[in-house]
Amino acid sequence: MNGTELKLEPDSRYRLVAGDLVISNPVKAKDSGSYQCVASNSRGTVVSREASLRFGCKFGTARCFFMSEFHSACSVLQEFSAEERDPVKITEGWGVMFTCSPPPHYPGLSYRWLLNEFPNFIPADGRRFISQTTGNLYIAKTEASDLGNYSCFATSHMDFITKSVFSKFSRLSLAAEDARQFPPSIKARFPADTYALAGQVVTLECFAFGNPVPRIKWRKLDGPQSSKWIGSEPLLQIQHAGFEDEGTYECEAENTKGRDTHQGRIIIHAWHCHLSAELLGSAPSLLSPAAQPDWLDVISDTEADIGSDLRWSCVASGKPRPTVRWLRDGQPLTSQNRIEVSGGELRFSKLVLEDSGMYQCVAENKHGTVYASAELTVQALAPDFRLNPVKRLIPAARSGKVIIPCQPRAAPKATVLWTKGTELLVNSSRVTITADGTLILQNISKSDEGKYTCFAENFMGKANSTGILSVRDATKITLAPSSADINVGENLTLQCHASHDPTMDLTFTWSLDDFPIDFDKSEGHYRRASAKETIGDLSISNAQLRHSGRYTCTAQTVVDSASESATLTVRGPPGPPGGVVVRDISDTSVQLSWSRGFDNHSPIARYLIEARTLLSSQWKQMRTSECPHGGTGDTPRPPASPGSTLLLALFLPLWHPVNIEGNAETAQVVNLIPWMDYEFRVLASNILGIGEPSLPSSKIRTKEAGGCGDTPSTDGGTVRAWRRRRGSQRAHHHLDGELGAGRAPRWDHVAFLGWEIHSSVASPVLMSQGLPTLRDYQNGDGFGYIVSFRRKGSQDWLRARVPHAESLHFVYRNESIAPYTPFEGPKSEKGFHSCLSEPKAAPYRVIAKSVLSSEMDVSWEPVEQGEVTGVLLGYEIRYWKDGDKEEAADRVRTAGLVTSAHVTGLNPNTDYHVSVRAYNRAGTGPPSPSTNVTTMRPPPKRPPGNISWTFSGSTVSIKWDPVVAKADESAVTGYKMLYRQDSHSAPTLYLASKSHIDIPIPEDFTHAFVQIRVTGPGGDGTPAEVHILRNSGTCAPRATPDH
C-alpha cells in the first residue's frame, strides 16, 4: 500500500483470500491510498497495476462497495429541495417548460414526471418531451387536458441499488385559448460540442414549441447517415459510436408555419474518468477529452544466448503522451554498466546469467497506467546434437549438389568444423562451409562418397555428429516435350521420357506456367498417358483457351530432378472488345469506337455491331456505313415520302451490314430511329467463330428528326398528333383528313384517344384518356396531341393541344360546367361526363439530397386525403437548374402513396430547384414550396496508374498509384476492381479502401482481366484496364470509358 508492504498478521484487518485482499472495517485515515499486488516465484517477480481506494461519499445516504479490478464506487442521491415550487400560468396553445432542478447525485439519473398523483406518469409523445439530460419537461403546445400539478420524479440506478425521489408539485393554469398558429422554436438544444466515448451510445436531444406541433428531423451535414442511427423524433442515438461518426449534426423542427434548426458537433475520443470526493460533492462533472495509455508495441518472453546483445522496446499511445519506466523483479530498473534504459527502450550488452528474470514496462499518464510483462532467460549450453543430428545416410546425384546442415543446440553459438574421414574440409571451388555451419558439395563424383563429421565447440563444451554420403546416377530427360499449336476443342499429347538410378523411384510432375497441375481438379482435361515408370506423357483433351502456356515436365528422385519445357498455343474465337464509345450523335447515325480485345492467337477477321433500344431487350445487328467518318456517302436511303420517317423500321431488315475489317477500331452506325435511346456492343470474329460481345456502351439518345416529320393519326377521328420543333410556335403537318394535304396511312394502335366516365362528383373539370403514341414514331421532342370534343347537343367543337408524347389524358377546366354534364367526341360511341378536380393541397417538407454526381433522392410529406377528390394516383417531382424557369423543368412521376423518389440524369456540381405536386385523374395540384439541392462534384477523370502485381501462393497482390481528386472533383473514398479470370467467366467485384488489394486465385491460374476505378460521393470514375499474366508484374494501363 502506497509502496509499503502490508504485514498480514493473524490479528490484522488485512486478509488474503485466493490472492484477493480483504480489508475489514475500512477506515479513511488508515486505508485510503494506492494498492498493488506482488506475485513471486523462483523465476522472478511481477507487480500488478495500481488500484485506488477512496472514501468519497460524504453527503446523504451512501452505500460504498468494491467492484471488480480494484475500483471503488458509491451510489448517492439526496432529496429534492423542500421549498414550494411556483405555479405556472400560460395561454392555451402556447408551449411551456417545467424545470426539474435535480438534487446532488451520483451516478446519473433517469427522469419521469408525475401529473397530480403517483403513479400517473406523463407519457413522452410527440407533444411532450422529458429531457434525460436536464430532467426538464417540455410541452410543445398546451391543451386543456394539461391542467394540473406536476412533479419531477428522479431515479438513481447502480447495479442492484435503486433509489427514487420526487420534487414538490408545481401547478399549471391555462388562460383563454389562442387559436393562432406559430412557427417552431427549438427549446431543448444539444450542446455545440458533444464529446463521446468510442464504442458507446451517443444521444442528442432536440425539442421545439410550435402550433401545429412541429416534427423533428435529423441529418448529418458533413457525411452520410450512419446505419447505427436510431431516430425517434426528439432523440438521435448512435449505437457503438466510432470515429466515422464525428461531424456536424443538425436538428430541424418544422410545421406548416415554418422551420427552426440547431447544429452541433460530435467529437469522438478515447476517455478516462476519475471519480473523486470533490466531484461527488457537486453536480455531475463534464468529461473533457483525454486518453489513458494504450500499448502499441510490448515485450514478449525471450531466450537469449549468454554473451549476446538484446534490445527490448515498449511503445504506448495516450493523451497526454505517456512516460515509460522499467521494472526488474518488481523493482525500478535504471541504466547501469551493461544495461541502458532510455524511455521505452531497454538495451543489454553481453548478457550474463544474472540478467535472467521478470521484466515489466509501465506506461502512465495522469489518466491511467498500463503494464506489460515478459521473462528473459539467458542460456549457457554446451553443443548438443540430440535434437538435430546430421542425417545418417545422405544420397546425392552424380554431377549434382548436396547440402548437409549442422545445427547443434548451443549457447553461445558454437564454432563448427567439417571433416571427411580424417581430412579437414575447407572452402574451395567445390566445397563451401557457410556461416551457420552448413556444408555444400557441388559437381559430385563417386570419389566424394564417405563419412562426413560436423564438430561443434563453445566455452561450455564440444560435440560431433556423422553422416554417410552415397553417390547415385543422375536423372536425365531422354525425350522432351515439343511446342505445339491447336484449336479450341482439339486433343494433344505432350511427350516426356527420362532415365534414372535404378535403386530409386522416379516420379513425373507437370506444371503450367510454373503452377503444378492437379489431375484430380482438371475436370478431365489432363491425364497421364502411360503407366510406365520412365514415361510421363501428358494427354490434354478438349483444350480450352486457358490451357495455353508453358508446360514443364519434371522427372524427380529423392536426390535430384531434371526438367524440360514446351509452349502450347490454343487458338480460339476472339475475346470481347473493350471501351465502346459513342460520339458524333445525329438523328439517324452515330460514330462508334472501341479497343481491340485478345485475338486468342488467330487474327480478327471482322467486327459486328449490335444495338438494343428501350423498346426491346433483344440485341439486333446494325447496319454500318462504308464512310466511317461521314454520313453522306452513297449509303442507300429509304424512299422520301410523307410517311418515310415512320416506315424506316420496315426497310432495316432488307439491308445487309457492311463488313467491318478486323483492323478497324471505329465504324459509323446508320439508319437509326430519331429521338430513340440506344445501347451498342461490338463482337469480333475470326476463322474459328464469333467471340464474346463487349460490355454495352453507355445509353445515348439520337437527335430529333432533321425535317418536319409526321406521325400517323386516326382516320378523321377524335385526336390529331402533332410535333412542334423547338423554338417554333406552330404545329406541323396535321394528319387528319380535313387538315392534311393527303390521307396518311391508318395506324389504329397509335394515339387513338377514347373517353371514360371517371366520376359523377360535381366539379367543373372534364378529362379524356387514351393510349400514347409509340416512341419509335415520334421522331423528336415536342410531340403532342390535338383533342376535339363538344358539349352534347352543341354545334361548336372545342379543340386543345396536349403536350408530351407520354400524356395519357387531357383536362379541360371551365367554371360554367355543371356536374355530370354530357360531352361527346367526333368518333365517340358513348358519351362522357365532367369529373373530378385535381388535388387542392400541396405536399410539404420536401427534402432533396444528392447521392451521386448525377442522382438525388427526394422525399416529402403527403397531402391529406381530404384535400384530394377521388383517388390520389401519385406525385410528380419537377426539377430545374438554377437560372432556368420552372416551365422548363424535367419531371418524374411516382405511383400510389409512396413519398420518395430517386431521380437520375442530373448534371454534376449543379444547383437544382425541386418541387412536388400531387396528381389524380384530373391533373396535378399546386406545387410545394421549392427546395434546393446541389449535385455532387463528378468523380476524378484520371484512372489509376502504375498498376503492378505480385504472386504469393494462392493470392495475387495488386497495387496502383493513388488517385488524387482535383478541386472540381469529388473526393476519393475507395476503389472498385472488376476482376475476370478469362473472357469466358463472370466478373467479380472487389472493393478496396486503399490503393492495393489481395485477390485469391485458383491453382491453375494463368491470367486475368482487371478494371480498376476510383469511387466516392460523386460516383465511379474512369476505369484502368489491365491484363494480368503470371509471368509479368507491371503494366501501363489504358483508360476505358465507364460503361
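Trainee: What phi does aspartate 329 take in the hairpin of E31 and E32?

Mentor: A positive one, near 50°, and the hairpin has 2 residues between its strands. Most residues other than glycine have a negative phi. Keep in mind that this is a predicted model, with local features needing pLDDT of at least 70 and side-chain atom pairs pLDDT 80 or more, while totals for chains, interfaces and linings use all residues. Residues are numbered from 1 along each chain as its sequence is written, and side-chain values use heavy atoms, leaving out hydrogens and water.

Trainee: How do you know that E31 and strand E32 count as joined?

Mentor: Pairing takes at least two bridges found by DSSP, and E31 has 2 bridges to E32 (residues 331-332), running antiparallel. That meets the cut-off, so they pair. Within E32, proline 332 is the bridge partner of leucine 327. Strands here are DSSP runs of E with at least two residues, numbered from the N terminus.

Trainee: And what joins strand E31 to strand E35?

Mentor: 6 bridges, again antiparallel, between residues 323-328 and residues 357-365. Arginine 325 sits opposite valine 362 of E35.

Trainee: What makes E28 and E32 the edge strands?

Mentor: Each pairs on one side only. The sheet is open, with 5 strands in the order E28-E36-E35-E31-E32 and mixed pairing.

Trainee: Which strands stand at the edges of the sheet E73-E74-E77?

Mentor: That open sheet has 3 strands with antiparallel pairing. E73 (844-852) and E77 (900-903) each have a single partner strand, so one side of each lacks a neighbour in the sheet. Neighbouring strands are turned by 15° against each other on average, direction ignored; the axes are lines fitted to C-alpha atoms, with angles between N-to-C directions running from 0 to 180 degrees. E73 and E74 (residues 855-861) share 6 antiparallel bridges, and aspartate 857 in E74 is the bridge partner of lysine 849.

Trainee: What makes the bond between lysine 319 and proline 320 cis?

Mentor: Its omega is about 0°. Proline 320 lies in the loop between strand E30 (315-319) and E31. Asparagine 211 and proline 212 are also joined by a cis peptide bond, with omega about 5°; proline 212 is in the loop between E21 (207-211) and E22 (215-220). Most peptide bonds are trans.

Trainee: Why are Leu417, Leu424, Val426 and Phe455 called a nonpolar patch?

Mentor: A patch takes residues with over 30% relative accessible area and no salt bridge (Lys or Arg side-chain nitrogen within 4 Å of an Asp or Glu carboxyl oxygen). Nonpolar side chains are joined within 5 Å, like charges within 9 Å. These four form such a patch on the surface, so the name applies, with about 370 Å² of accessible area together (Shrake-Rupley, 1.4 Å probe, only the protein chains shown as cover). Leucine 424 lies in strand E42 (residues 423-424).

Trainee: How many contacts does the model have for residues 271-289?

Mentor: 36 beyond four places in sequence, where contact means heavy atoms within 4.5 Å. pLDDT, the predictor's confidence from 0 to 100, stays under 50 there. Residues 723-768 are also below 50, with 145 contacts beyond near neighbours in sequence. Where pLDDT is low, the predicted coordinates should not be read in detail. For the protein chain, the mean is 80, and 81% of its residues reach 70 or more.

Terms used. Helix = DSSP H or I, 4+ residues; strand = E, 2+ residues; numbered from the N terminus.
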